[in-house]
Every structure is written in C-alpha cells, then in structure tokens.
Amino acid sequence: MKVLTHKQELCTGCLECELACSRAYFKTDDRNYSAIRIIENNKTYHANMCTQCGECINMCTANAIYRDRNGVVRIDKKKCVGCLGCVGFCTELVMFYADDLEVPFKCIACDICSKACPEGALEILVSRVKEN
Amino acid sequence: MGTIIKDYSYTPAKIKRGYSGKSLYINLSDLRIEQKEITEFMKEKFTGGKGFDLWYLWHAVTPETRWDSPENEIVMSVGPLGGITQYAGTGKTLLCSISPLTDIPIDSNVGGYFGPLLKFSGWDAFELQGKSEKEILIFIDGNNGRIQIEEAEEYPEDTHLLAEELTKKYAENEDDMVNVSVVCSGSGAKHSYMGMLNFSFYDPRRKVCRFKQAARGGLGTILHDKKVKALVVKYRGVKPNLNDAADISTINKVGVKYHKEVHDLDHKQNKMRQIGTANTIMIMSQYDLLPTRNFQTGGDPEAVKISPEVFINEWLTQGLHDGCWYGCTMSCAKCADHFLITTGPYAGQRVTVDGPEYECAAGLGANLGVFDPQAILEENFYCDTYGIDLISFATCTAFIMECYQRGQITREQMGGLDLRFGNSQAVLELMHQISRGEGFGRIAGLGIRKLKKIFVEEFGADPKLLQDIGMEVKGLEYSEYAHKESLAQQGGFAMATKGPQHDEAWLIFMDMVNKQIPTFEDKANALYYFPMFRTWFGLVGLCKLPWNDLVPADNYKTDSPAKVPEHVQNYVDIFNAVTGKHIDKEELILQSERVYQFQRVFSVRMGKGERKDDYPPYRSLGPVSREEYLSRQELYDKQLRELQKLDPETMDLDEKIAATRRYREDQYEQLMDAVYRRRGWTENGIPTPERLKAIGMDLPELLEVIEPKL
Ligand code: SF4
Ligand code: SF4
Ligand code: SF4
C-alpha cells in the first residue's frame with residue numbers, strides 16, 4: 001500500500017506542497033484545491049491528507065471508491081455522483097470538495113508534493129500490507 | 001422480446017431550478033402519448049410531488065370513478081428537490097390514485113431510482129390513464145428521448161424475477177445496470193385489493209435488484225387492472241447538479257454537514273445504518289406500543305426474539321451502503337443476503353430480502369404473534385415479490401386471526417387454514433393462496449372492510465365485535481403502532497386524510513411518554529403542525545426519516561425538539577437553493593396546507609371526507625375484551641378513579657370496560673372538535689371557504705364541492 005507521510009520536525013510551513021498539488025490537478029494556486037493541507041499550531045506544522053484507510057470504500061453511495069493495484073484509495077469519476085457523503089464520513093476530514101467540481105478529491109499518493117518539498121518532509125511509504 | 005406496439009420520440013426537457021416543466025401522459029386504452037406543461041399556477045399552488053399528482057387526478061376522475069374505472073389514473077411525481085444527491089433522502093416519488101380499499105385518493109411515497117431518473121428524463125410527473133387490452137410494459141429512455149410500449153405477456157410475474165430480467169434487458173453492460181429502474185407489482189396484486197408497487201434500484205455491490213415499496217392503498221392492484229406489467233426508465237449520467245440549482249454551494253454545505261452528523265451520531269442514536277427502521281422494536285414493546293395479536297396488547301415478553309440485536313447479529317448484512325437513492329448516508333434500506341427460502345414456489349432458492357423494516361417486523365411479526373425472525377424474513381420476501389402491501393396484509397391477517405380466535409369464523413370457512421396467532425406456516429400458505437388466487441386467498445386480500453361484510457353476511461359473525469376489532473378507517477388498514485394510551489395518535493391515525501397511516505403524524509412519545517401536549521388544544525396544534533409539515537416531504541421529493549431519525553447533538557436544547565428545528569432549516573435552505581425562491585419555515589407549512597386541504601376536499605368530493613369517516617374502531621381507543629382490560633387492569637382502574645372519580649372496587653369487569661369506553665369515546669369526540677377547529681374545518685370536518693381563502697385555495701372547483709356540505 002502506498003501512503004504519503006509527513007515529518008513534522010522537518011516541515012517549515014512553506015506550503016510548496018499545497019501549491020504543487022493544486023497546480024498539478026486543478027491548475028490553480030488556491031489551496032482549497034489541494035489534497036494536502038498544512039495546518040499550523042504553535043509554530044509546528046501538521047499535514048492533513050488521506051491515510052488510505054479505506055473507510056470510505058464501503059460507504060460510498062455510488063460504489064465509486066475503490067483501492068487500486070498500488071493500494072491507493074481512488075474515486076472512479078465516471079461512477080461518482082458527487083453526493084459528498086465521503087466528505088462527511090472521512091474521519092480524518094481529508095476528502096475535499098469544491099463547489100465548481102462534480103467529484104470530490106483526495107490524496108492519491110502520487111509523489112508530486114514530496115518532490116516539491118524543499119525540506120524533504122514528505123515521503124511516500126510503500127508497505128506490503130494491503131488493507132480491506 | 002415482445003412486439004413493440006408504440007414508439008414515441010420526444011426531446012427531453014432541460015431541468016430548470018428543480019423542474020423540467022413537463023409531464024408525461026399515457027393513455028393505455030388508445031395508446032395515446034402526450035406532453036403537458038407544468039404551469040406556474042401548479043408550481044405556486046401545488047409545489048410538486050403529491051400536489052401535482054392530486055391536481056391531475058382531480059381532473060381525471062368524477063365522484064363516480066372507482067379504482068377500476070378506466071379514467072382512474074396512477075400519477076407519480078418526484079418533486080423539485082427530488083434527485084439532488086448531496087443530502088440524505090432525496091429520491092422519493094409520490095404516487096396517487098383512487099384506491100380499491102378506500103374509494104378515495106390514496107397517496108404513497110417510495111424510494112428507488114425510478115422517480116429521479118424519470119425527472120432527469122424530462123418528466124416532472126407521469127399520468128397513466130385508461131386500460132390496455134393486452135399486458136404491456138412501458139420503457140422510457142431518457143438519454144435518447146424515446147418511449148416504447150411493448151407486449152409483455154411472456155415476462156415473469158413476480159418482482160424479483162421480472163425486475164432482474166428487465167434490468168438486464170435494458171442495460172448495455174454491468175456498469176449500466178444502475179441506470180435502469182423498474183416499477184412492477186406481482187402475482188399477489190391480481191387477487192387482492194392490497195397490491196403494491198415495487199420500485200427497483202440496482203445494487204452494484206451485491207449485483208441484485210433491490211426494492212422499495214409504494215405500498216399503501218392498492219396501487220399494484222390498479223396497475224395490474226390496467227394490464228401494465230412494468231414501467232422501466234433508463235437514464236445514464238446522474239450528476240450532482242442535474243436539477244440546475246440556483247445555489248449549489250448551499251446545498252453542498254448543508255449536505256456535508258448532515259453527512260457528518262450521520263457519521264458522528266447515528267451509532268449513538270437510532271443505528272439506522274445498522275438495522276434501519278426496525279431499531280425500535282424493543283422500545284415499542286417496552287412502552288406498550290408494539291401491536292401484538294391484532295393490537296390486543298402492546299408488546300410481549302417474546303419480542304426479544306425479534307430484537308434489533310438479533311437481526312443485526314444474525315441476519316442483516318452490515319457495513320455496506322444501503323441507501324435507496326444516491327447520497328442517502330442514513331442508509332436504512334437494510335437487507336438479508338443469501339436468505340434461504342423454505343416454502344412456496346421459490347423454496348430452496350437463496351435470495352436477497354429487502355428488510356425487515358419496522359412495519360414488517362411489527363406487523364408480520366408481533367401483530368400475528370410470530371416471534372421468529374426467519375419466518376418474518378420469509379413473509380417479507382413473499383409480500384415483496386408477490387406485490388402485496390405487507391402493512392395491510394399484516395393488519396388484515398391479524399384481524400382474521402382474532403376472528404378465528406374468538407370463534408367468529410371457522411377453520412373450514414378459511415379453507416382449512418389454521419390461522420392461529422403464531423402460525424407462520426399458515427400465514428405463508430395464505431400468501432401463496434393469494435398469489436395463486438386460490439382457496440381463502442381469493443377473499444383474504446380484499447381488506448378488512450370487505451371481510452367484515454363477508455364474515456357477517458356469509459359466516460354469521462357478530463357485526464359489533466368485528467367493527468370493534470377490525471383495525472381500519474376509511475377502508476385502509478392501520479399501520480403498526482399500538483396507541484391506546486395516546487389520544488393524539490388516535491386522532492393522528494383516524495383523522496388522517498387517506499386512512500390510518502402514521503406518515504401524517506406520529507405523536508405517541510410527545511403525547512404519552514413525554515406529556516408535552518396535555519390539553520385538547522395542544523393536541524390539536526400538534527395534529528395541525530405535524531401533518532402539515534410531514535406533507536411537505538411528499539411535495540418536494542424527500543424522505544421523512546433523515547428529518548428526525550437522527551437529530552443534531554444539541555437538539556434537546558432547542559425550544560421545540562420534536563420539530564428538530566435545525567433540520568427544518570436545512571430543508572428551507574435546500575428548497576431555496578434549488579428553486580431560487582425565498583421561503584421560510586412558515587411558508588413551508590403554507591405550501592403543505594394548500595395540498596393538505598385540497599386532498600381533504602378531494603376526499604369529500606369522492607364521498608368520504610366527513611366526520612363520520614374519521615371514527616376509529618374501538619380497539620384503537622381502548623380495551624375491547626376482558627383479557628385486554630385485565631392485561632392492564634392496574635392502569636385502567638387507576639384511570640377510572642382519577643379521571644372519572646369512580647370506584648373500581650364496586651364495579652364488575654364489564655361495568656369497568658363500559659365506563660372506560662364511554663369516557664374514551666367522549667374524549668375522542670372532544671379531540672375531533674378541537675382538531676377540526678384548528679384545521680379550519682366545520683364541525684362536520686369540511687374545510688371552510690374562509691380557510692381555503694386564507695391559504696389561497698379558494699378555487700371555484702373546490703368551493704363547488706364544499707358549498708352543499710356547509
Ligand atoms: S479519504 Fe478519508 S476515509 Fe477515505 S481512505 Fe482517505 S483517510 Fe480514509
Ligand atoms: S461523492 Fe462520489 S465518491 Fe464520494 S461518496 Fe459520493 S459518490 Fe462516492
Ligand atoms: S433514510 Fe432510508 S428510506 Fe429514506 S432515503 Fe435513505 S435509505 Fe431510503
């Protein structure tokens with residue numbers, strides 16, 4: 001299973017990862033379109049993004065969410081009806097949506113943000129354990 | 001398969017702010033297909049859904065029309081909010097017709113994908129009039145703008161087979177199956193007046209058709225009489241804003257808030273996602289509300305055998321989405337997978353059983369004295385696939401069983417069926433007989449009102465006793481709540497426009513447990529507000545359950561927790577966001593009242609909307625028999641002392657029963673007076689011209705109906 005991980009002690013809160021993500025997928029600098037969100041708390045930085053836990057797979061009201069061959073949880077855009085159920089159900093609050101999109105979005109562990117991170121604070125971990 | 005006898009092309013109307021602006025009319029007698037405009041007048045006065053249905057039905061029928069007259073229509077409409085995907089419970093279709101059980105308009109609401117897909121195919125409403133000569137099916141292709149009428153003799157009759165075959169026939173591949181929805185009934189609808197309609201939705205995880213039911217009032221019987229085997233719609237491409245909402249942002253925001261509420265609170269509240277509506281069985285039994293053995297008592301020690309835990313742990317598949325429309329995270333449409341059938345034509349087969357819902361477990365379980373979950377699930381399956389309304393069937397069979405118990409009818413008169421309470425095998429055999437139109441099954445599905453006549457006239461039963469224990473009003477069987485100790489609910493049932501179904505008002509806890517509505521005026525206010533509010537779901541295309549089967553964490557702090565103010569505001573916000581209008585919660589009630597009063601006048605027009613039609617059987621109000629009195633003697637004796645200043649010690653049992661009856665019947669009369677006043681009706685239950693004027697419904701055709709009655 002592939003999952004994006006974040007090393008808090010290296011993160012400076014520069015938000016390059018957010019920009020890389022929103023630019024790559026939605027061609028915008030608006031952080032509301034990023035699947036990773038850096039939250040500041042007392043000068044330490046926490047990253048919010050999908051843990052690939054798979055909780056949203058069985059609850060999806062259109063059977064549109066699945067785990068791909070790499071163990072990454074993904075949305076089939078053809079099947080999704082934009083009900084936003086998964087947005088409300090994600091315990092980590094990392095399934096995101098925007099009003100001009102028909103389908104929500106989430107981190108798919110693609111590595112774009114980790115490559116953009118100047119501090120090396122982000123890393124894709126690959127484990128053999130497949131969940132669900 | 002069958003020959004296509006009509007092929008019709010149309011350009012699917014684009015939906016604007018929740019309405020396509022078009023309705024579809026099909027006449028089965030001459031295969032005429034027409035499009036009608038949804039006028040501004042209709043939207044203004046009737047909003048949609050049930051409102052549109054009743055308006056079309058009004059124009060189709062005369063006071064002489066009966067359920068099987070060719071001019072009777074089945075009308076359906078999903079309402080302006082129907083089909084949005086972002087909130088729970090947004091795919092409900094409302095159907096109306098003149099009922100074989102009541103001879104007045106029935107309305108029935110149902111999930112499944114048909115209604116929303118019909119709207120996306122361009123139709124806000126669909127009228128079906130006339131009668132076909134041959135058995136046919138109607139296929140609506142919403143992507144290509146095509147309607148085909150096809151001969152359908154050779155298709156199977158029962159729902160689970162027919163829907164699967166038609167879904168496969170019209171879907172191009174596996175992924176396309178979710179885009180097809182079928183409406184059909186079953187073999188039981190042929191030989192009963194309680195035939196219902198199944199609305200399908202394909203479950204891509206289980207790879208089977210699932211069903212919701214437009215159950216009440218005999219709609220399946222009518223569809224069968226029109227010789228329509230099935231209606232099929234296909235629409236590919238459901239997306240979040242097909243309704244062309246004025247403000248999608250609000251809908252998204254309110255929707256996500258609600259989904260999160262379900263996620264955070266459902267497991268602490270009603271567990272709708274685990275068990276659905278049957279979560280209340282034990283609570284009902286504890287509060288004496290679980291109708292047992294034809295409503296004789298309100299619970300039973302054996303009820304634990306059909307408790308929610310039993311269904312969750314042993315029968316119902318857990319953890320999968322079970323919504324009857326996209327976006328319903330309440331996900332209450334539970335089912336038992338790989339269930340092994342043991343009787344009837346499908347014995348030995350494994351099937352998916354949709355349910356049991358509360359009404360099923362209470363009705364086909366406790367009310368028949370059956371406390372066996374496996375038997376309940378099998379009864380559930382057969383009612384569904386045969387197309388029999390399980391509520392009417394349960395209440396009617398409970399009545400038959402009590403008639404048998406009290407020696408009013410004999411085993412021979414039931415063709416040898418031993419319909420003792422608790423005999424689930426006999427109940428199942430009765431269903432099979434109804435499906436085959438054989439034996440006692442030829443009359444057992446005609447409903448309590450007709451059975452009372454037959455039992456009295458042909459079997460010599462006691463008419464007074466049958467009147468007291470036959471749980472029907474206006475010809476419709478009661479839904480499954482015992483309610484002898486809640487005067488408000490007695491009114492909620494018996495004064496409900498279409499007949500005693502709890503969808504108008506469910507006030508038992510407010511009234512009996514929490515004692516929030518002590519006076520007649522309080523009860524009348526509740527019997528004004530809640531029927532009006534609940535009517536609204538059926539105007540706009542929504543399911544009632546997400547309103548109060550889950551409440552916000554701080555709901556109890558609000559000034560009226562029973563109304564769930566935050567959720568009412570959600571509805572106001574969503575209505576405005578879809579339609580671009582600016583209603584508030586008062587205007588919402590006004591929208592409802594217009595249709596509510598219209599339906600009452602419609603019933604008056606059909607000959608059944610007056611005071612005389614609003615009386616319950618005494619079983620609803622109090623103890624009919626000695627055993628019933630004795631089962632709660634302490635309570636009844638106390639009431640004699642406290643409410644009537646009588647001394648039960650000096651009275652014999654029959655005197656106590658008679659005194660209790662006099663008191664309770666008088667209370668009911670006083671309640672009627674208060675409710676009629678609050679609803680703006682005359683003492684005889686007729687809406688006044690002043691009231692109609694106040695809500696903008698003083699239409700000439702309505703005044704013409706009520707004037708001779710004033
Ligand atoms: S979006 Fe949320 S629920 Fe879905 S896999 Fe990621 S963390 Fe889990
Ligand atoms: S928004 Fe799409 S992916 Fe999420 S639950 Fe709804 S249909 Fe499934
Ligand atoms: S709450 Fe249940 S009945 Fe209502 S829409 Fe959702 S799944 Fe269907």
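User: What classes of residue make up the shell around ligand 2?

Analyst: In this predicted model, the shell around ligand 2 divides into ten nonpolar residues, two polar and no charged. Chain A supplies A:Cys60, A:Thr61, A:Ala62, A:Ile65, A:Ile75, A:Cys80, A:Val81, A:Gly82, A:Cys83, A:Leu84, A:Cys86 and A:Pro104.

User: And how does the shell around ligand 1 divide?

Analyst: Around ligand 1 there are six nonpolar, three polar and three charged residues. The charged ones are A:Glu55, A:Glu92 and A:Lys106. Other residues of this shell include A:Cys50, A:Cys53, A:Cys56 and A:Cys90.

User: Where does ligand 3 lie with respect to the domains of chain B?

Analyst: Ligand 3 lies between domain 1 (4–234) and domain 2 (266–477) of chain B, because both give residues to its shell. Among the residues around ligand 3 are B:Gly89, B:Lys92 and B:Lys212, together with B:Asp322, B:Cys324, B:Cys328 and B:Cys332. The shell also includes B:Cys543 and B:Leu545. By class, it holds seven nonpolar, two polar and three charged residues.

User: Which domains are assigned in chain B?

Analyst: The assignment gives domain 1 (4–234), domain 2 (266–477) and domain 3, the last made of two segments, 492–550 and 583–709.

User: How many residues are in contact between domain 2 and domain 3 of chain B?

Analyst: In chain B, 34 residues of domain 2 are in contact with 34 residues of domain 3. The two domains bury about 2,500 Å² between them, with 62% of that area on carbon and sulfur atoms. On the domain 2 side, B:Asp468, B:Val473 and B:Lys474 lose the most area to domain 3, together 27% of what that side buries. The C-alpha centres of these two domains lie 25 Å apart.

User: How many salt bridges and polar contacts are there across that interface?

Analyst: The rule finds five salt bridges between domain 2 and domain 3 of chain B. There are also 14 residue pairs in polar contact, both residues being at pLDDT 80 or more. Which elements of domain 2 supply the residues is also known: α9 (281–286), α13 (390–405), α17 (463–469), β16 (472–473) and β17 (476–477) of chain B each supply at least two.

User: Which of them gives the most?

Analyst: That is α17 of chain B, with five residues on the side of domain 2 that touches domain 3. The residues of that side divide into 14 nonpolar, nine polar and eleven charged.

User: Changing topic, how many residues of chain B are in contact with chain A?

Analyst: The contact involves 25 residues of chain B and 24 residues of chain A. Chain B and chain A bury about 2,100 Å² between them, 58% of it on carbon and sulfur atoms. Within chain B, the residues that lose the most area to chain A are B:Arg205, B:Lys239 and B:His263, which together account for 25% of what that side buries.

User: What is the count of salt bridges between the two chains?

Analyst: The count between chain B and chain A is zero. Polar contacts do occur across this interface, in twelve residue pairs with both residues at pLDDT 80 or more. Helix α7 (residues 248–265) of chain B gives the most to the side that touches chain A, with nine residues. Taken by class, that side of chain B has nine nonpolar, ten polar and six charged residues.

User: How many salt bridges are there over all chains?

Analyst: By this rule the count comes to 70 over all chains. One salt bridge joins A:Glu18 and A:Arg31, whose closest N and O atoms are 2.7 Å apart. A:Glu18 lies in helix α1 (residues 16–26) of chain A and A:Arg31 in the loop between α1 and β2 (37–41), so the pair ties together parts that are 13 residues apart in sequence. In chain B, B:Glu627 forms a salt bridge with B:Arg406, with the closest N and O atoms 3.2 Å apart.

User: Finally, which residues does the cis peptide bond join, and where is B:Pro356?

Analyst: The cis peptide bond joins B:Gly355 and B:Pro356, with omega about 5°. B:Pro356 is in the loop between β15 (350–354) and α11 (358–365) of chain B.

User: What is phi of A:Leu93?

Analyst: Phi of A:Leu93 is near 55°, a positive value in a residue other than glycine. A:Leu93 lies in the loop between α3 (85–89) and α4 (112–116) of chain A. Most residues other than glycine have a negative phi, and most peptide bonds are trans.

Key:
Residues numbered from 1 in each chain as written. Chains lettered and ligands numbered in written order. Predicted model: local features only at pLDDT ≥ 70, side-chain atom pairs only at ≥ 80, totals over all residues. Heavy atoms only, no water. Contact = heavy atoms within 4.5 Å. Buried area = accessible area lost by both parts, 1.4 Å probe. Salt bridge = Lys/Arg side-chain N within 4 Å of Asp/Glu carboxyl O. Polar contact = N/O pair within 3.5 Å; in protein donor to acceptor, adjacent residues only side chain to side chain. Helix = DSSP H or I, 4+ residues; strand = E, 2+ residues; numbered from the N terminus. Near = heavy atom within 4 Å. Domains from an automatic or database assignment.
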